[in-house]
Amino acid sequence: MLATSLSPSFLAACLPLGFFNLGEVFRRDVESSSHLLQFNQLDLVILGKKESISSAFLFSFLKTFFLEVFGINEQKIVFRRSYFPFTRPSFEVDLKCFCGENLFSSHPLRQKRCSFCKGTGFIEVAGCGMIRDVVFKKVGFNQPFREELSAIAVGLGIERVLSFVLKLQDIRLFYSSPPLDSN
Ligand SMILES: [Zn+2]
């Protein structure tokens, strides 16, 4: 075969292929019990053949990931449709808050609205989806390769997940000393 470039054919030989990136990110936001202006984000991408990498694979992978890495059972995980520019379809990953907030809850925190989930009962911890074909095009993958290729992408806030695991009602406790006003 006379290849016009090496990278797609090299990648094709390596599929499925996954990589991750962990680093600090900065947001223009209002700091609160559930928001930090600076936090650690884990990005994950898995590339593979179209027949094996799908939304079903994404859900199954994330359920296994949350269980194996953080000990979070799949019953605590909710996928919600969302929008991100680089993925389609896109989803938010919510965890059912440790306060047990719901109409039938008798948990003590229900009497005083949970400051972490703001009484919604859910904590958003990640965004994810199937990487759009236009992204593959931009990075220079050729048409035949793109037709075979599929990929999932996940961006996850580490401190949010750890707040859930540690049942912290204020994410700012990672970087300050108690007590803090809850809001
Ligand atoms: Zn809560």
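1. A residue is called exposed here if 12 or fewer other C-beta atoms lie within 10 Å of its own, and buried if 20 or more do. The model is predicted.

2. Helix α2 covers residues 55–70. At 1.5 Å a residue, its 16 residues should span 22 Å, and the end C-alpha atoms are 22 Å apart, so the expected and computed spans agree.

3. The buried residues of α2 are L58, L62 and F66. Seen down the helix axis, these residues fall within an arc of 60°, so they line one face of α2. An α-helix has 3.6 residues a turn, so residues three or four places apart point the same way. The buried residues of α2 pack against four strands: β3 (77–84), β4 (87–96), β5 (122–131) and β6 (149–157).

4. On the face of α2 turned away from the buried side sit the exposed residues A56, S60, T64 and E68. Just after the helix comes G71, with a positive phi of about 70°.

5. Some backbone geometry should be checked against the general pattern. Most residues other than glycine have a negative phi, and most peptide bonds are trans. The bond from R88 to P89 is cis, with omega near -5°; P89 is found in strand β4.

6. K118, not a glycine, has a positive phi of about 55°. This lysine is found in the loop between α3 (108–111) and β5, and counts as partly exposed because it has 16 C-beta neighbours inside 10 Å.

7. K167 also is a residue other than glycine with a positive phi, near 55°. K167 lies in the segment after α6 (158–166). With 10 C-beta neighbours inside 10 Å, K167 counts as exposed.

Notes:
Residues numbered from 1 in each chain as written. Predicted model: local features only at pLDDT ≥ 70, side-chain atom pairs only at ≥ 80, totals over all residues. Helix = DSSP H or I, 4+ residues; strand = E, 2+ residues; numbered from the N terminus. Expected span 1.5 Å × (residues − 1). Arc of directions from axis to C-beta. Contact = placed C-beta atoms within 7 Å.
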